[in-house]
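Colleague: I would like to go through this model with you. Please give the reason behind each label.

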Amino acid sequence: MLVVRPAGPADLDHLLELAILSGPGFTSLPEDPDQLAERLDLSRDSFGGKVPAPERWYTLMLEETDTGDVDGIGSVKAAVGLKRPFFSFRIVSNAAQSPSLGLKLDHQTLVLVNECTGWSEVGSLFLKADRRRGGAGRLLSQSRYMLIGAEPDLFADTVLAELRGVFTPDGACPFWDHVAHKFFPMDFDHADMMTGSTDKQFILDLAPRHPIYVELLPEPARAVIGKVHPQGVPAMALLESEGFRPNGLIDIFDAGPTVTCGRDNIRTVRDARPMTVALADEVETELPALISTAAVSGFRAVRQKAQIDGDVAILSRETADALKVRPGDTVRVKS
């Protein structure tokens, strides 16, 4: 059975493997064991309530219970931009007109902004290639919203997600090569690493102070602004199905889009219901449901059959064991 569970220090080898498989541009999964170890320590302490709520970064693992294989990762940051700025480019339309010539033009510009301070972020969604079918991606993605819905007050009113921008098959990034690299004269991987491991002062020092006119950029750069990496298209579809929409912000390095949704308007947060657990040898229903525990501490989630009887969710013993719940406990269920 596939179960989504909290990540901790014992997952370092699994997380490093996923980071290597994720490839370039996946800022939240650097191929750096020290950074990943720090992240796993923070995940353990976040689920354990040992750090202030806004500083928590919950990391989730998708595990096959029969084999112990870890095949995917997702995460939720309680708040971004509190200790380090959260920079983006905003796409701004500027109108210019000449009444004497009867002309009106719209020019798009990119403006460096830091607008998302305090928002929650869902991210780090990545699965091994052989798991990208059969609903595993949807389970992992929706588990993040079940986590938010378990204790909404731990998260911000607005939730964002950043999607990786376009890279060519040989690993080149058109927006970086033609635009960002002009301001940050270093390798993309180095800049990406510094974004995740420093206070981002280098961005303040080197980023453009004035708007960048999109029309003046080379066509390969213009073509990828706000576009998603091919591997991120399924993730974008899942986000859109939950109610997320682009908000006009893009990543300053690869031009991938940012999407947002009000916390309480996320479909899974809104539709999941608390129910009391009961057990049965056979669950009389055909369709599986998304089921999670009802608190952040010890959070677990599965997609399995649940027979609904009023406010009671009748589960199989195997499902209850995977969730580590007993009869009388509360779970949250989204049919």
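Colleague: Why is Cys261 called buried or exposed?

Modeller: Buried means under 20% relative accessible area, exposed over 50%, and partly exposed in between, with a 1.4 Å probe and protein chains only. Cys261 has a relative accessible area of 8%, so Cys261 is buried. A word on the source: this is a predicted model, where local features need pLDDT of at least 70, side-chain atom pairs count only at pLDDT 80 or more, and totals for chains, interfaces and linings use all residues. Residues are numbered from 1 along each chain as its sequence is written, and side-chain values use heavy atoms, leaving out hydrogens and water.

Colleague: How many disulfides does a search of the whole structure find?

Modeller: Zero. A disulfide is a pair of cysteine sulfur atoms within 2.5 Å. For Cys116, the nearest cysteine sulfur is that of Cys261, 14 Å away. Cys116 is in no disulfide, and neither is Cys261. Cys116 is also buried, because its relative accessible area is 0%.

Colleague: What makes Leu216 exposed or buried?

Modeller: Its relative accessible area is 72%, so Leu216 is exposed. Leu216 is found in the loop between E8 and H7. Such helices (H or I, at least four residues) and strands (E, at least two) are DSSP runs, numbered from the N terminus.

Colleague: How do you know which side of H4 its buried residues are on?

Modeller: The buried residues in H4 are Pro174, Phe175, Trp176, Val179 and Ala180. They cover an arc of only 145 degrees around the axis, so they are on the same side of H4. The arc is that of the directions from the helix axis to the C-beta atoms. What covers them includes strands E4, E5 and E8, and helices H5 and H7. Contact here means heavy atoms within 4.5 Å.

Colleague: Why do the buried residues of H5 line one face?

Modeller: In H5 (residues 188-197), Phe188, Ala191, Asp192, Met194 and Thr195 are buried. Seen down the axis, they fall within an arc of 160 degrees, so they line one face of the helix. They pack against H4 and H6.

Colleague: What makes E6 and E7 a pair?

Modeller: Two strands pair if DSSP finds at least two bridges between them. E6 (residues 120-127) and E7 (residues 158-162) have two bridges, in the parallel sense. In one of them, Ser120 has Val159 in E7 as its bridge partner.

Colleague: How many bridges join E7 to E10?

Modeller: Five, and these strands run antiparallel. Leu160 stands opposite Thr260 in E10.
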